[in-house]
Amino acid sequence: MDMKQGVSVYDDEHFMREALAEARLAAAEGEVPIGAVVVHDGEVIARAHNRREADADPSAHAEFSAMVAAARALGRWRLTGCTVYVTLEPCCMCAGLMVNARIDRCVYGAADPKGGAAGSLYRLHDDERLNHAFPVTAGVLGDECAELLSAFFASRRAGKVVGGAPAPQEACASVRVSRNERLAALPPARALLAVDSFKGSATSAEAETWLAEGAQRAAAQLGRPVEVRAIPVADGGEGTLDAVHAACGGEDAHCSVPSPLGDVVDATYLRTADTSGAPIAVVEMARAAGLSFTSRTEADALAASTAGVGALVRAAVEAGARIIYLGLGGSATNDGGAGFLQALGAELLQKDGVPVAPGLAGLEHLAHIDLAPARRLLKGVTLVALTDVRAPLVGARGALRVFGPQKGLPKEGELINAAEGWMVRYAAELTRARDALDGTDLAVPAPGARPRALAGVPGAGAAGGLGAAVLALGGSLVSGIDAVLDLAAFDEAARAADAVITGEGALDEQTASGKVPVGVARRAKRANPRAFVVAVCGSRADDLNAVYDEGIDAALPILRRPMPLAEALNPAETRANLIAAGETAIRMALRRP
């Protein structure tokens with residue numbers, strides 16, 4: 001990104017458009033159309049436009065008035081840390097005030113060859129005889145600023161404006177510009193939507209469509225156009241494949257693979273390319289081993305295998321994918337990724353040399369793992385698992401204890417204790433199998449930097465332990481939302497946004513651990529600290545301080561009125577609720593001071 005004085009070109013253009021909005025207000029009042037804003041810490045703290053005629057004040061230049069207002073806003077006469085944006089090159093009076101006020105920088109649009117004191121006639125900003133100097137950036141939106149002035153004077157010469165001011169009955173002193181009129185004079189606002197699905201009622205794309213409808217309703221009411229860009233998002237769970245498809249395009253590839261319980265199912269993965277053109281595949285494990293494939297009974301929880309997920313990854317590699325993104329959300333499995341490894345060619349054997357049976361139950365008799373065939377298949381392939389889960393493979397906060405009961409395992413008792421023991425032995429054997437490849441061309445990279453043991457690695461317990469299998473093969477575990485945002489070029493879109501709307505079904509303590517809304521807010525604020533971030537939600541916790549600390553400016557529950565849950569989940573009600581929420585979110589963003 002091109003930079004000027006450490007500030008992006010986009011920032012300069014953004015704030016110059018704010019100054020141009022002030023200039024248009026001046027023209028509407030019959031004044032010479034010059035506008036200015038003063039920016040401090042990335043925020044506009046003062047704005048003004050030319051009012052010499054209205055106020056009968058020779059000092060009422062746009063930038064002069066804006067600097068006076070900025071000093072009042074800061075409570076000090078020194079404007080250190082401030083940048084002044086003005087549509088016309090400052091005159092001697094205004095440039096002199098900039099020197100005296102100790103501003104950091106001046107940015108102007110059109111040059112003034114007859115009176116400019118920031119480079120055209122004089123250079124007050126860097127005159128060594130004065131006690132302060134500051135850099136000047138000239139010509140930002142210069143053509144647009146100059147055209148506004150030319151149009152004004154052409155209109156005046158044509159007699160549409162008399163004596164530089166309106167007729168007496170429309171005297172500028174009596175002009176009062178409403179807030180809506182001020183909004184209408186501003187350039188189009190930009191809203192960026194990056195919303196997770198509302199499970200059971202709306203996909204990410206549907207939620208964004210309805211929020212966008214509400215945003216345009218607000219735009220019509222306020223009289224200010226709003227440009228809406230929607231980026232469907234997900235965090236590695238349901239909707240990940242669709243989100244990346246919407247961002248990158250590509251095609252669905254269909255494969256017949258084993259279901260978690262051994263039936264044959266038709267599953268899809270996405271074939272596409274990243275921004276560099278590298279062939280990638282996106283695999284959503286729930287499409288081959290999701291909860292919908294089991295009855296969540298104890299028997300199913302013991303038997304469910306990740307073999308179908310491995311079969312999808314194998315198909316993608318054999319089709320030429322060089323990067324595999326594997327979404328780990330929504331799994332029905334507890335096998336530690338054993339079936340996944342077997343589908344990729346790894347050998348998981350009992351003492352008698354027979355392959356272990358599918359599922360968690362098969363780990364009871366595991367005696368040996370050989371990862372070499374799977375590593376050979378994946379040579380030259382980058383395997384990236386997407387997850388927001390930080391659970392280790394074993395222990396009180398491990399895969400079985402925390403997530404097993406959701407899939408049919410008992411919370412306590414002999415079975416869960418025995419299964420935990422199987423998983424501990426599996427973790428040790430998996431680590432030994434990884435380390436056995438050291439010194440060969442199949443070694444997992446960076447043996448000195450990798451975890452000594454896989455059992456306790458945060459995220460290894462994701463998807464019933466599939467995270468550990470990914471790590472054993474040299475893959476990585478990354479934030480699902482960050483990876484999806486990278487593929488969608490989110491940061492570039494966020495830099496141009498005035499408002500960012502995110503959200504999910506419930507905002508609570510888990511949201512702050514890396515769910516979509518917080519992931520979006522972090523990235524939005526990093527790319528554009530000025531952006532106003534609103535998180536819409538179906539429900540919210542009482543205390544959201546941890547969520548607000550991550551960059552969300554406001555939480556907005558979407559319900560229009562009290563209603564039972566079944567009614568709220570009805571698609572028609574969800575649509576109406578999200579339209580109303582989109583309208584409110586945009587009004588909040590555009591009516592900020």
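Trainee: What distance separates the centres of domain 1 and domain 2, taken over C-alpha atoms?
Mentor: This is a predicted model. The protein is divided into domain 1 (12-158), domain 2 (185-230 + 489-591) and domain 3 (240-482). Taken over C-alpha atoms, the centres of domain 1 and domain 2 are separated by 35 Å.

Trainee: How many residues does each of these two domains bring to their contact?
Mentor: Contact here means heavy atoms within 4.5 Å. Domain 1 gives ten residues, and domain 2 gives six residues.

Trainee: Why does the largest pocket lie between two domains, and which are they?
Mentor: The largest pocket has a volume of about 1,300 Å³. Of the 40 residues that line it, the closest to its centre include Asp 388 and Gln 510. Two domains both give residues to the lining, so the pocket lies between them: domain 2 (185-230 + 489-591) and domain 3 (240-482).

Trainee: Which helix supplies the largest share of that lining?
Mentor: Several elements each supply at least two residues, among them strand 16 (382-387) and helix 16 (462-472). The largest share is four residues, and it comes from helix 14.

Trainee: How many residues of each class are in the lining of the largest pocket?
Mentor: Glycine counts as polar here. The lining has twelve charged, twelve nonpolar and 16 polar residues.

Trainee: Which residues does Leu 371 touch, leaving out those up to four places away in sequence?
Mentor: The largest nonpolar core has 69 residues, and Leu 371 is one of those that touch the most other members. With residues up to four places away in sequence not counted, Leu 371 touches Leu 341, Ala 346, Leu 430, Ala 433, Arg 434, Leu 437, Ala 472 and Leu 473.

Technical notes: Residues numbered from 1 in each chain as written. Predicted model: local features only at pLDDT ≥ 70, side-chain atom pairs only at ≥ 80, totals over all residues. Heavy atoms only, no water. 1 Å grid on protein atoms, 1.4 Å probe; cavity = no way out; pocket = protein on both sides within 12 Å on 5 of 7 lines; lining within 4 Å. Points joined across faces, edges and corners; volume = space filled by probe spheres on them. Domains from an automatic or database assignment. Core = buried A, V, L, I, M, F, W, Y, C linked by side-chain atoms within 4.5 Å. Buried < 20%, exposed > 50% of the residue type's maximum accessible area, 1.4 Å probe, protein only.
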